[in-house]
Amino acid sequence: MPRLQDAFMTLTGHAPDGVWSAPGRVNLIGEHTDYNGGLALPIALPHRTRCAASPREDDLLRIHSLQDDSSVEVRIDDVAEGHPAGWTAYVAGVVWALRKDGNAVRGLDVVVDGQVPLGAGLSSSAALECAVAAAASDLFGLGLLDSSDGRRVLAAACQRAENDIAGAPTGGMDQAAAMHCTERHALRLDCLDGTTEQVPFDLTSHDVVLLVTDTRASHALADGQYGARRESCEQAAEILGVETLREVVGRPLDETLALLPDEVLRRRTRHVVTEIARVDEVVSSLREGDLAAVGRTFVASHESLRDDYEVSCTELDLVVDTAMAHGALGSRMTGGGFGGSAISLVPAADVDRVTAAIEDAFAAAHLTPPSSFPVTASAPAHRD
Ligand code: GAF
């Protein structure tokens, strides 16, 4: 923290008005369902992005990062799709979106310290957006951090920053996770009506660990693959005559799939519909304390993402296969895919063995060494 305060002093000549932070996330289950009006079940990571901030009298955003030691200045009215470029779009986009909503926001001096691993599919961008949104809410007296409804407004502004300014066509799960997840709970998120439910998620009494493995395989959400998946879902929904694929959940799946004209649309739809059902399976298994069942559902989800949705990759499959072969109760890719991270439910006594086995498997396949670490369900965006 002192490093963050010191950097702020150097940039502005005064102490910040405060420091705000927001977490990265891993999604336990419910992948590529958010933009289909479906269900997801993320937890907040202990890894957070902090930002020290003060309001300005003018409309300038002065943004500095400890990680790349760079500064960017942009006026709020000049923020537009693609401007500013790179990571500062997430900061500027949030202030832009809040202003567009009619909030009286002005310029900010912001210094960012991002401790969510970058490019690992752990939502470092949502953590940054939500930390800035939290700061803006407090500094401009918006009061949006104080209630679930207010947090929903902030999460929506963060999503628009990502969609409209950074140009990544993502759903809203990551921002909702950073705003609504709580310690020792997973968040059952209904992306159709925006409702949330806290599901107890504390594995310590089971002697089980949730292990995240960052495959270090490159992962970019703004590239075409994510958008292509989203378009297929929209196309399938249109053919089926529904707003979102959520609406066909509960209908006989074979009959729904038979209405679709090609195999790719059928597979994409099958993933979404079965994945939405798996979220409530995991919620029930967690409530019953049946982690073996949770693990089985993780694997079913991974297979569906690998075979039907086609968003896995060699590295993610290798983590899952290796973890399962060495005693994990379950394992699956998490997040958007095409690289990024996997999660494994591992008996505490086996964590070192599973971690070593994953490292060995990557070395044997001549892949960049992965990084594995245990995580617990942590706190949402707040003032530090
Ligand atoms: C990424 C996106 F940002 C989310 O909105 C979600 O679609 C996820 O991929 C897949 O579940 O994290």
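Glu 310 sits in the loop that joins α9 (291-307) to α10 (314-325). The model is predicted. In this model Glu 310 has a positive phi of about 55°, although it is not a glycine. Its environment is intermediate. With 17 other C-beta atoms within 10 Å, Glu 310 is partly exposed, because a residue counts as buried at 20 or more such atoms and as exposed at 12 or fewer.

Arg 184 also has a positive phi, of about 60°, and is not a glycine. Arg 184 occupies the loop between α5 (173-180) and β7 (185-190). Inside 10 Å it has 15 C-beta neighbours, so Arg 184 is classed as partly exposed.

A further backbone feature is found at a proline. The peptide bond from His 83 to Pro 84 is cis, with omega near 0°. Pro 84 belongs to the loop between β5 (70-75) and α2 (88-100).

Two other positions illustrate opposite surroundings. Glu 57 lies in the loop between β3 (42-55) and β4 (60-65). Only the count of neighbours is needed to class it: Glu 57 has 7 C-beta neighbours inside 10 Å and is therefore exposed. The C-alpha atoms of Glu 57 and Glu 129 are separated by 22 Å, and the two residues are 72 residues apart along the chain. Leu 286, by contrast, is part of helix α8 (residues 263-288). Leu 286 has 21 C-beta neighbours inside 10 Å, so it counts as buried. Leu 286 and Ala 186 are 100 residues apart along the chain, yet their C-alpha atoms are separated by 9.8 Å.

Helix α6 was examined along its length and around its axis. The helix covers residues 224-240, which is 17 residues. At 1.5 Å a residue, α6 should span 24 Å; the end C-alpha atoms are 24 Å apart, so the two values agree. The buried residues of α6 are Tyr 226, Arg 229, Cys 233, Ala 236 and Ala 237. These residues cover an arc of only 100° around the axis, which means that they lie on the same side of α6. An α-helix has 3.6 residues a turn, so residues three or four places apart point the same way. Gly 224 and Glu 238 are exposed, on the other side of α6.

The ligand is surrounded by 12 residues. Those that come nearest are Glu 31, Thr 170, Gly 171, Gly 335 and Gly 336. By character, the shell divides into three nonpolar, six polar and three charged residues. Domain 1 (2-200) and domain 2 (203-375) both give residues to this shell, so the ligand lies between them.

Two annotated spans come from an unreviewed UniProt entry. The record lists "domain: GHMP kinase N-terminal" at residues 90-180. In the model, this span of residues 90-180 is 58% helix and 8% strand. The end C-alpha atoms of the span lie 19 Å apart. UniProt places "domain: GHMP kinase C-terminal" at residues 284-363. Over residues 284-363 the chain is 59% helix and 15% strand. Here the end C-alpha atoms are 38 Å apart.

How values were computed. Residues numbered from 1 in each chain as written. Predicted model: local features only at pLDDT ≥ 70, side-chain atom pairs only at ≥ 80, totals over all residues. Near = placed C-beta within 6 Å. Nonpolar A, V, L, I, M, F, W, Y, C, P; charged D, E, K, R; others polar. Domains from an automatic or database assignment. UniProt positions renumbered as here; feature names shortened; annotations may be inferred. Helix = DSSP H or I, 4+ residues; strand = E, 2+ residues; numbered from the N terminus. Expected span 1.5 Å × (residues − 1). Arc of directions from axis to C-beta.
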